[in-house]
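This report describes the strand pairing and the interior of a single protein chain, and then turns to selected residues. The sequence and the coordinates are shown below.

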Amino acid sequence: MQFRFPLLVVICLFLLATSCKKDETVGPDPSDNLAIDSIVPEKRTIAVWEEIDIKVYTRGTGLSYFWSTNHGTLIGEDSVTVRYWACPTCTGLNTIECKVSNEYGTVSDTLMINVL
């Protein structure tokens, strides 16, 4: 009986420790079914009011695109290429994100544009 009690305590602690782990959301692995290979801007440093095109290179079929930015304006947020421009309040580093999804899930990537 003396050996069973410590063993029982160890088993309970192990079960408690493993049951408290948070489930991590794991995105799909890049594959030929769904992947972003790169996001390529015309320029990485632009002046206020200057417009540039940004293109995403992807793999997969039935892809849907969603572009977003923390500052500035995007035109064509649902396509492979988006046009970006920044106003005077957008000076500094701006983040542009592209999310691509299909039946296999969603992947995303970001790039930084410096607005002078």
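Contact, as the word is used here, means heavy atoms within 4.5 Å. The model under discussion is predicted.

## First sheet

Four strands, in the order 1-3-6-5, form an open sheet with antiparallel pairing. Its edges are strand 1 and strand 5 (73–75), each of which pairs on one side only. On average, neighbouring strands of this sheet are turned by 25 degrees against each other, direction ignored. Within the sheet, strand 3 and strand 6 are joined in the antiparallel sense over 5 bridges. I54 faces V82 of strand 6 in this arrangement.

## Second sheet

A further open sheet of 4 strands follows the order 2-8-7-4, and its pairing is mixed. Strand 2 and strand 4 are the edge strands here, and each pairs on one side only. The parallel component includes the pairing of strand 2 with strand 8, which extends over 2 bridges. T45 has N114 of strand 8 as its bridge partner, while I46 stands opposite V115 in strand 8.

Strand 7 and strand 8 run antiparallel and are joined by 11 bridges. A hairpin of 2 residues connects strand 7 to strand 8. One position of this pairing sets S101 opposite T106 in strand 8. As a general point, the strands of a sheet pair through backbone hydrogen bonds, in either a parallel or an antiparallel manner.

## Nonpolar core

The largest nonpolar core comprises 22 residues, of which I39, I54, W67, Y84, I96, V100 and I113 touch the most other members. At least two residues of this core come from each of strand 1 (34–41), strand 3 (51–60), strand 4 (64–69), strand 6 (81–85), strand 7 (92–102) and strand 8 (105–115). The greatest contribution is that of strand 8, with 4 residues. I54, one of the core residues named above, is also the residue that stands opposite V82 in strand 6.

## Two asparagines of strand 7

Which strand holds N94? N94 is found in strand 7. N94 counts as buried because its relative accessible area is 0%, and the cut-off for burial is under 20%. Beyond its neighbours within four places in sequence, N94 is in contact with N70, H71, Y84, L111, M112, I113 and V115. Of these partners, Y84 and I113 are among the core residues that touch the most other members.

N102 likewise has its place in strand 7. With a relative accessible area of 14%, N102 is buried. Apart from neighbours within four places in sequence, the contacts of N102 are N33, L34, G60, T61, G62 and L63. Two of these residues, N33 and T61, each place a backbone oxygen opposite a polar atom of the N102 side chain. The corresponding distances, together with that for N94, are listed below.

| Backbone oxygen | Side chain supplying the polar atom | Distance |
|---|---|---|
| N33 | N102 | 2.9 Å |
| T61 | N102 | 3.0 Å |
| G92 | N94 | 3.4 Å |

## M112 and W49

M112 lies in strand 8. Is M112 buried, exposed or partly exposed? Its relative accessibility of 36% places M112 in the partly exposed class. Not counting residues up to four places away in sequence, M112 touches R44, L93, N94 and T95. The contact between N94 and M112 thus appears in the neighbour list of N94 and in that of M112. P41 and M112 are 71 residues apart along the chain, and their C-alpha atoms are separated by 9.5 Å.

W49 is located in the loop between strand 2 (45–46) and strand 3. Although W49 is not a glycine, its phi is positive, at about 75 degrees. How is W49 classified, buried or exposed? W49 is exposed because its relative accessible area is 51%, and the class of exposed residues begins over 50%.

## Synopsis

The model thus contains an open sheet in the order 1-3-6-5 and an open sheet in the order 2-8-7-4. Strand 1 and strand 3 belong to the former sheet and each supply at least two residues of the largest nonpolar core. Strand 8, a member of the latter sheet, gives the most to that core. N94 and N102 are buried, whereas W49 is exposed and M112 is partly exposed.

Terms used. Residues numbered from 1 in each chain as written. Predicted model: local features only at pLDDT ≥ 70, side-chain atom pairs only at ≥ 80, totals over all residues. Heavy atoms only, no water. Core = buried A, V, L, I, M, F, W, Y, C linked by side-chain atoms within 4.5 Å. Buried < 20%, exposed > 50% of the residue type's maximum accessible area, 1.4 Å probe, protein only. Pairing = 2+ DSSP bridges. Axes fitted to C-alpha atoms, helices over the stretch in contact; angles between N-to-C directions. Polar contact = N/O pair within 3.5 Å; in protein donor to acceptor, adjacent residues only side chain to side chain.
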